[in-house]
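Q: Pick one small part of this protein and walk me through it slowly, then work outwards from there. Keep it informal, and tell me how far I can trust what I'm looking at.

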Amino acid sequence: MRAKKMSRTTTATAAVLPLVVAGGLLLVTGCQSEKNALSPGKPDLSVSGAYLPQPAMADMAAAYFTVTNDGGKADRLTKVTTPLSADATLHTTEGSQMKHAAELEVPAKGKLSLARGGTHLMLGKLSHKPKTGEKIEFTLHFATSAPIKIKVPVESTTFRPKV
């Protein structure tokens with residue numbers, strides 16, 4: 001019997017499993033794709049520490065949170081959506097200058113922290129001015145992971161999270 005030639009992209013490793021069959025031994029092999037064999041894992045994301053300071057202005061706000069990746073592969077935060085704003089954009093701060101970011105890296109076994117004075121989420125064109133105690137729904141969208149929905153509490157304008 002002739003063995004089929006397998007392409008490099010479909011076979012990287014083979015597992016050999018012994019199976020006892022009516023007085024004999026049968027070897028069963030299974031193939032694993034190269035992509036899975038070489039990939040150290042996948043992203044495993046969670047979100048914590050989210051808050052939105054009550055905005056001073058009626059049409060603009062900022063939000064902060066931390067995305068933790070316990071997985072073995074990096075991902076990217078590509079956008080955030082919320083009913084509060086038709087214009088939610090990711091920003092970095094370099095020196096004293098704010099810059100729009102198309103996406104933000106969430107490193108493998110690491111964190112992406114959005115905090116005052118640094119990387120953050122800007123919200124423009126607010127549907128209403130949120131008040132302290134309110135909870136606002138956000139959906140975080142990633143390059144490879146499923147979206148994550150969170151409820152973000154509105155804190156006082158001067159709120160500073162305990163570190």
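**A serine and what lies around it**

A: Start at Ser85, which sits in strand β6, the stretch covering residues 85-94. Keep in mind that this is a predicted model. Ser85 has a relative accessibility of 7%, so it counts as buried, the cut-off being under 20%. Its side chain has a polar atom that lies 2.9 Å from the backbone nitrogen of Asp87. Leaving aside residues up to four places away in sequence, Ser85 touches Leu123, Gly124, Lys125 and Leu126.

Two of those neighbours are worth following. Take Lys125 to begin with: this residue belongs to strand β10, and with 62% relative accessibility Lys125 counts as exposed. Its phi is positive, about 50°, even though Lys125 isn't a glycine. Most residues other than glycine have a negative phi. Lys109 is another case, with a phi near 55°. That lysine is in the loop between β8 and β9, and Lys109 is exposed too, at a relative accessible area of 65%.

Now for Leu123, the other neighbour to follow. The largest nonpolar core has 27 residues, and Leu123 is one of those touching the most other members, along with Leu52, Phe65, Leu77, Leu121, Phe138 and Leu140. Strands β3, β4, β5, β8, β9, β10, β11 and β12 each put in at least two residues. In soluble globular proteins, nonpolar side chains tend to be buried together. Phe65 gives you a feel for the packing: among its contacts beyond four places in sequence are Val47, Ala50, Leu77, Val80, Leu112, Leu114, Leu121 and Leu140.

Next, the aromatic rings. There are two aromatic pairs to look at. In one, the ring centres of Tyr51 and Tyr64 are 5.2 Å apart with the planes at 40°, so the pair counts as tilted. Tyr51 comes from strand β3 and Tyr64 from strand β4, so this pair links parts that are 13 residues apart in sequence. Tyr51 and Tyr64 are both buried, Tyr51 with a relative accessibility of 5%. The other pair is Tyr51 with Phe159, an edge-to-face arrangement with 4.9 Å between centres and 70° between planes. Here the reach along the chain is 108 residues, because Tyr51 lies in β3 while Phe159 lies in the segment after β12. Phe159 is partly exposed, at 25% relative accessibility. Put together, Tyr51, Tyr64 and Phe159 make one aromatic cluster.

Zooming out, the protein has one helix and twelve strands, and the order along the sequence is β-β-α-β-β-β-β-β-β-β-β-β-β. Of contacts between residues at least 6 apart in sequence, 64% join residues at least 24 apart. Among the 163 residues, 33% count as buried. The accessible surface is about 10500 Å², with 56% of that belonging to carbon and sulfur atoms.

As for trust, the average pLDDT is 82, and 75% of the residues score at least 70. The part to be wary of is residues 1-39, where pLDDT stays under 50. The model does have 38 contacts beyond four places in sequence for that stretch. Where pLDDT is low, though, the predicted coordinates shouldn't be read in detail.

Terms used
Residues numbered from 1 in each chain as written. Predicted model: local features only at pLDDT ≥ 70, side-chain atom pairs only at ≥ 80, totals over all residues. Heavy atoms only, no water. pLDDT = per-residue confidence, 0-100. Contact = heavy atoms within 4.5 Å. Helix = DSSP H or I, 4+ residues; strand = E, 2+ residues; numbered from the N terminus. Buried < 20%, exposed > 50% of the residue type's maximum accessible area, 1.4 Å probe, protein only. Polar contact = N/O pair within 3.5 Å; in protein donor to acceptor, adjacent residues only side chain to side chain. Phe/Tyr/Trp six-rings, centres within 6.5 Å; stacked < 30°, edge-to-face > 60°. Core = buried A, V, L, I, M, F, W, Y, C linked by side-chain atoms within 4.5 Å. Areas by Shrake-Rupley, 256 points an atom, 1.4 Å probe, with all protein chains shown as cover.
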